[in-house]
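Let us walk through this protein step by step, beginning with its strands and ending with the surroundings of its ligand.

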Amino acid sequence: GAEIVFVGRSNVGKSTLMREFTGHTFTTGKKPGVTRSPNHYDWAGADFTFTDLPGFGFMEGVDEEAREAIKDDIVRYIEDHSEEILVGVLVVDGKAVIDIIDRHESRGEIPHDVEMFHFLREVGIPTVVAVNKMDKVEERDDRLDALCDRLGLPGPWQQWRDTIAPISAKRGQTAPLREALETQLREQHRDDLL
Ligand code: GDP
């Protein structure tokens, strides 16, 4: 059936967001690397499932090989389900994401978040970036403009409200993501699912 997938680096607050969105209480993400398989949840009243994919990137106590295997699993899941996936949600930590991207780029590496964003779009999945932990961000517009720049979206960020959703999962401030998802579904004429 139809699904919305959530991907993100470990510790960005993806579990907190899933909990807030679905009302389920669960404890993924507490033991990094342990949750290797996708979790499926319902969105109250909607005719699709939310799929929580394992966290990727650096995790304490998880070696490079295991991290690569997790990322391969995520990529394979998305490729295998691209027909059913209506929207991809890339969750990032608004406080840390720019520094992390720039650090990787300065080492000549492709940052995971940038790679995942382009990958989702390449396989034809409309993608929303949930910029979490915005409660910790002071120069809000600057930070969001910088993120657009790193993702190759010509700013200002306000032009991308269907794609860039600044939220604070911990504070329950997730309306921008809800609205972006609704817009994405409407554009695909799938708002009948809501
Ligand atoms: P996951 O590994 O991506 O599933 O991350 P978790 O949901 O386990 O959250 C990681 C940490 O970030 C926890 O300490 C959360 O309380 C915290 N966190 C999650 N969302 C927010 C948020 O919106 N703001 C702040 N300040 N912290 C958050």
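Strand β1 (residues 3–8) runs parallel to strand β4 (residues 85–93), and six bridges join the two; helices (H or I, at least four residues) and strands (E, at least two) are DSSP runs, numbered from the N terminus, and two strands pair if DSSP finds at least two bridges between them. One of these bridges links glycine 8 with valine 91 of β4. In general, the strands of a sheet pair through backbone hydrogen bonds, either parallel or antiparallel.

Before going further, note that this is a predicted model, in which local features need pLDDT of at least 70 and side-chain atom pairs count only at pLDDT 80 or more, while totals for chains, interfaces and linings use all residues. Residues are numbered from 1 along each chain as its sequence is written, and side-chain values use heavy atoms, with hydrogens and water left out.

The pair β1 and β4 belongs to an open sheet of six strands with mixed pairing, in the order β2-β3-β1-β4-β5-β6. Because β2 (39–42) and β6 (164–166) stand at the edges with a single partner strand each, one side of each has no neighbour in the sheet. From one strand to the next, the twist averages 25°. Across β1, β2, β3 (49–52) and β4 lies helix α2 (residues 64–80), which runs at about 160° to β1; axes are lines fitted to C-alpha atoms, for helices over the stretch in contact (heavy atoms within 4.5 Å), and angles run from 0 to 180 degrees between N-to-C directions.

Some details of the backbone sit outside these elements. In the loop between α5 (140–151) and β6 we find proline 156, and the peptide bond that leads to proline 156 from glycine 155 is cis, with omega near 0°. In the loop between β5 (127–132) and α5 is lysine 133, whose phi is near 60°, a positive value in a residue other than glycine.

Which residues come nearest to the ligand? Of the 16 residues around the ligand (those with a heavy atom within 4 Å), the nearest are Asn11, Lys14, Ser15, Thr16 and Asp135. A side-chain N or O atom of aspartate 135 is 2.7 Å from a nitrogen atom of the ligand, and a backbone N or O atom of glycine 13 lies 2.9 Å from an oxygen atom of the ligand. Helix α1 (residues 14–22) gives the largest share of the shell, three residues.

How values were computed:
Polar contact = N/O pair within 3.5 Å; in protein donor to acceptor, adjacent residues only side chain to side chain.
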